[in-house]
Amino acid sequence: MKKTFLSISVLTVGAAAMISMSIVSDNGKAGFTGSPSENLCTNCHNNYTLNSGGGSITLSSNPAFVNNTYVPGTTYTMSATVARTGNNLFGIGLEVLNSTNANSGTLAITNSAETRIVNVTVAGTSRKNVVHQLNGGASANSKTFNFNWTAPTSGPATFYAAGVAANSSGTTAGDYVYNTSLALTGPMVGIDETNSIVQQLNVYPNPVIEKIHLDYTLKKASMVNIELVSIQGEKIATLCSAYQDPGKIENELNLPAGIKSGCYLLRLIVGEKSTERIIIIR
């Protein structure tokens, strides 16, 4: 009889250990990004000081954000990289909030084996988090988690991200936690000089692939030049140079061969006045 009880006891302890292991090795948890009203992963992984041990977490986007602004409605390929030499398992928690601390824009998963979206309610507001899948961050020395973010139509947007550099021990002991944020002040808009000759300028599609369409109305016959310009202000190509009659004008223009993807200005020049629009080239 004693042997029977001993076997039950051992099985019970073993089951408890398995349950404990599944808890600490689970998928990523939402609500620990360090954003307003949220905690950080140091609530559990608390052996070391936040952002210590020589590791890091960094955020980047493609196309790049220009002057910490975004183009409304554009889908950005985002990368969150957690790194620390010597670690072989990494985790991520990330969200994007507006000025009221609600979701800004739309997050989308691009690799479901590594990340997923989890909803969490914080201070009465539902927030979507990108978090890692179980073992989705298994990688030596660093791990880059990729996902998409579609920018909103207006308003500020701030990325809050926390990463864990773990040691695969099956517990929270010995892990490092890193956090970062990226504040986008609002949408990037075109630069308009007063131009009473041109009205109702539309540029589409945006992002652009191979061809771009423009339509606008000229109030009087004018010489029109359309230029592709880098964000730094360097002219890359003249797409159109023609004398145009008044009325509704529609143009379909080819992009220069070999143009690199990224953010550019499309400049419409009529006389001494110009109007610019931000475009994304894929």
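Is R127 buried or exposed? I looked this up before anything else in the predicted model, and I found R127 buried, with a relative accessible area of 1%.

**Entry 1: the partner of R127.** I asked which residue forms a salt bridge with R127. I noted E95, with the closest N and O atoms 3.4 Å apart. I then placed the two residues in the secondary structure: E95 belongs to strand β4 (residues 89-97) and R127 to strand β7 (residues 125-132), so the salt bridge ties together parts that are 32 residues apart in sequence. For E95 I read a relative accessibility of 0%. Buried means under 20%, so E95 counts as buried.

**Entry 2: S35 beside this pair.** I next examined S35, which I located in the loop between α1 (2-24) and β1 (56-62). I recorded S35 as buried, at a relative accessible area of 3%. Its side chain makes a polar contact of 3.0 Å with the side chain of R127. I also entered a polar contact of 3.2 Å between the side chains of S35 and T33. Leaving aside residues up to four places away in sequence, I listed E95, L97, R127 and Y160 as the residues that S35 touches. I therefore have S35 in contact with both partners of the E95 and R127 salt bridge.

**Entry 3: salt bridges elsewhere.** I asked how many salt bridges a search of the whole structure finds. I wrote down six. One of them joins the side chains of E227 and K235, at 3.8 Å from N to O. I compared the accessibility of these two residues: E227 counts as buried at 10%, whereas K235 counts as partly exposed at 47%. I then found that salt bridges with shared partners connect E227, K235, R267 and E276 in one network. Within this group, I noted the salt bridge of E276 with R267, whose closest N and O atoms are 2.6 Å apart. I recorded both E276 and R267 as buried.

**Entry 4: aromatic pairs.** I turned to the rings and counted seven aromatic pairs in the structure. I examined the pair of F65 and Y76, which is tilted, with 4.6 Å from centre to centre and 45° between the planes. F65 is in the loop between β1 and β2 (69-70) and Y76 in strand β3 (residues 75-83), so this pair ties together parts that are 11 residues apart in sequence. I entered F65 as buried at 15% relative accessibility and Y76 as buried at 2%.

I asked why the pair of F65 and W149 is edge-to-face. I found the planes of the two rings at 75°, and over 60 degrees counts as edge-to-face. I recorded a distance of 6.1 Å between the ring centres. This pair links distant parts of the chain, as W149 lies in strand β8 (residues 142-150) and F65 in the loop between β1 and β2, 84 residues apart. I noted that W149 counts as buried, at 0% relative accessibility.

I asked which residues form one aromatic cluster with F65. I listed Y70, Y76, W149 and F159 as its other members.

**Entry 5: a charge over a ring.** I last looked at R84 and found that R84 lies over the face of Y176, at 3.9 Å from the ring centre.

How values were computed. Residues numbered from 1 in each chain as written. Predicted model: local features only at pLDDT ≥ 70, side-chain atom pairs only at ≥ 80, totals over all residues. Heavy atoms only, no water. Salt bridge = Lys/Arg side-chain N within 4 Å of Asp/Glu carboxyl O. Helix = DSSP H or I, 4+ residues; strand = E, 2+ residues; numbered from the N terminus. Buried < 20%, exposed > 50% of the residue type's maximum accessible area, 1.4 Å probe, protein only. Polar contact = N/O pair within 3.5 Å; in protein donor to acceptor, adjacent residues only side chain to side chain. Contact = heavy atoms within 4.5 Å. Phe/Tyr/Trp six-rings, centres within 6.5 Å; stacked < 30°, edge-to-face > 60°. Lys NZ or Arg CZ within 6 Å of the ring centre and 35° of its normal.
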